[in-house]
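Visitor: I am new to this structure and would like a close look at a single part, the place where the ligand is held. Please take me through the surroundings of the ligand with care, and then along the chain around them.

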Amino acid sequence: MTHTLFEPLTLRDLTVRNRIWVPPMCMYSARAEDGIATPFHLMHYGSFARGGAGAIILEATAVAPEARISPRDLGLWDDAQRDALVPIVQLAHEHGAAIGIQLAHAGRKASTYPGFDAAGEGSLAPQDGAWRTLAPSPIPFPGLETPQQLDAEGIEAVVEAFVSAARRAAQAGFDLIELHAAHGYLLHEFLSPLSNARTDEYGGDLAGRARLLLRIVDAVRAEIHEGMPLLVRLSATDWVEGGLDVEEVGQVGAWLAAHGVDLLDVSSGGNIHPAPIPVGPGYQVPLASAVRAASGLPVAAVGMIDEPFQAEQVIATGLADVVLLGREMLRDQNFPIRAARALRFDGHYITPQYARAHR
Ligand SMILES: Cc1cc2nc3c(=O)[nH]c(=O)nc-3n(C[C@H](O)[C@H](O)[C@H](O)COP(=O)(O)O)c2cc1C
């Protein structure tokens with residue numbers, strides 16, 4: 001059966017109006033280094049909803065203070081952070097979009113300068129508030145500080161932090177949760193043999209390296225209500241010999257399906273630098289379809305999908321079930337309105353105030 005870009009997608013109790021979604025994108029804009037969303041975030045996420053996106057996935061949001069990539073990340077380890085997200089959720093809903101949140105732990109890539117901060121790059125200096133990073137093994141990401149190996153107690157704390165953040169996300173009214181297990185952050189670090197040299201049950205073979213992710217999936221699934229979809233973002237390959245490859249990730253996807261995950265968001269890379277990544281239009285789409293075939297789950301494709309007909313092709317030819325447009329949505333939050341005209345789609349998708357833009 002073929003689908004189209006503007007066809008709704010149902011996952012559990014959630015029906016999303018179309019298949020053009022916004023992937024998580026860190027904005028490093030918590031003003032006071034308190035993890036709390038500001039008016040910037042309301043404007044930023046609200047504009048995607050107004051522009052006609054199906055679902056918006058909020059940026060990597062740290063489950064604990066030490067889980068932040070930078071001091072300016074959003075967090076969800078306390079109730080004040082949760083409460084500041086409520087207006088964003090409400091605004092998205094008022095404009096017909098579903099809204100989710102990416103829960104993240106930066107692992108050995110934590111404690112760095114925010115992406116566009118002139119103060120420095122790489123690991124934070126002690127005088128700029130550096131903290132000790134945590135990882136499966138004391139193997140540094142190239143160029144960053146050496147992390148501390150998580151012990152059994154530390155692993156329990158990570159599971160608990162994801163569960164508490166998921167509870168707060170549900171309380172704030174988010175429609176779905178995405179767990180960040182890609183791009184070289186903590187859960188990807190456990191999955192990848194490049195960063196996981198553990199000899200306990202959380203290391204070794206693929207089942208061992210996937211154990212923490214599956215534990216968190218089970219614990220989060222048990223915490224949120226049955227109708228709420230759970231997504232996982234994976235890096236389908238490390239792009240280097242001896243790293244994670246798409247066959248292994250397909251197997252992880254099949255396990256995730258058995259553990260109640262509803263959709264896989266298939267990205268790649270991020271755990272080793274430099275890596276020979278063949279970047280180009282739609283370059284990760286084949287990875288998404290391979291993971292879809294291996295796991296049996298719906299997938300989202302992401303990465304340089306920038307044009308309406310290109311996006312439609314990915315969906316209509318059955319390569320993926322959703323397309324995520326990151327930088328293109330930063331350039332043009334109204335991409336869905338533009339795509340609907342280009343594809344001559346005439347259904348209901350647009351925020352009422354903007355309805356005349358379609359005629
Ligand atoms: C500014 C920016 C911030 C990003 N932050 C995140 C993030 O928080 N979590 C994540 O999984 N990916 C993040 N990414 C990756 C995007 O989600 C997406 O996978 C990537 O940009 C490729 O898609 P695109 O070519 O459509 O932009 C970020 C990308 C950009 C440009």
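Guide: In this predicted model, Arg233 reaches the ligand through its side chain, one polar atom of which lies 2.8 Å from an oxygen atom of the ligand. Taken alone, the ligand exposes 600 Å², and of that area the protein buries 82%. Backbone atoms take part in such contacts as well: a backbone N or O atom of Pro24 lies 2.8 Å from an oxygen atom of the ligand, while a polar backbone atom of Met304 is 2.7 Å from a ligand oxygen.

Around these contacts there is a wider shell, in which 15 residues surround the ligand, the closest being Pro24, Cys26, Gln102, Met304 and Arg327. Sorted by character, the residues of this shell divide into eight nonpolar, five polar and two charged. As for the place itself, the ligand sits in the largest pocket.

Met304, which appears both among the closest residues and in a backbone contact, deserves a second look, for its phi is positive, at about 55 degrees, although Met304 is not a glycine. Along the chain, Met304 is found in the loop that runs between strand 12, residues 299-302, and helix 9, residues 308-316.

Another backbone detail belongs to an earlier loop, the one between strand 11 (263-267) and helix 8 (285-295), where Pro274 lies. The peptide bond that leads from His273 to Pro274 is cis, with an omega near -5 degrees.

To set these parts in the chain as a whole, one may turn to the UniProt record, an unreviewed entry, which places the feature "domain: NADH:flavin oxidoreductase/NADH oxidase N-terminal" at residues 5-342. In the model, the span of residues 5-342 is 35% helix and 16% strand, and the C-alpha atoms at its two ends lie 12 Å apart.

Technical notes. Residues are numbered from 1 along each chain as its sequence is written. This is a predicted model: local features need pLDDT of at least 70, side-chain atom pairs count only at pLDDT 80 or more; totals for chains, interfaces and linings use all residues. Side-chain values use heavy atoms; hydrogens and water are left out. UniProt positions are given in the numbering used here, feature names are shortened, and annotations may be inferred rather than shown by experiment. Helices (H or I, at least four residues) and strands (E, at least two) are DSSP runs, numbered from the N terminus. A residue is near a molecule or strand if one of its heavy atoms lies within 4 Å of it. A polar contact is a pair of N or O atoms within 3.5 Å; within protein, one must be able to donate a hydrogen and the other to accept it, and residues adjacent in sequence count only if both atoms are side-chain atoms. Accessible areas come from the Shrake-Rupley method with a 1.4 Å probe; for residues, only the protein chains shown count as cover. On a 1 Å grid over the protein atoms alone, a cavity is a set of points where a 1.4 Å probe fits but cannot get out, and a pocket is an open set with protein on both sides within 12 Å along at least five of seven lines; lining residues have an atom within 4 Å of a point. A molecule sits in a cavity or pocket if more than half of its atoms lie within 2 Å of its grid points. Ala, Val, Leu, Ile, Met, Phe, Trp, Tyr, Cys and Pro count as nonpolar, Asp, Glu, Lys and Arg as charged, and the others, Gly among them, as polar.
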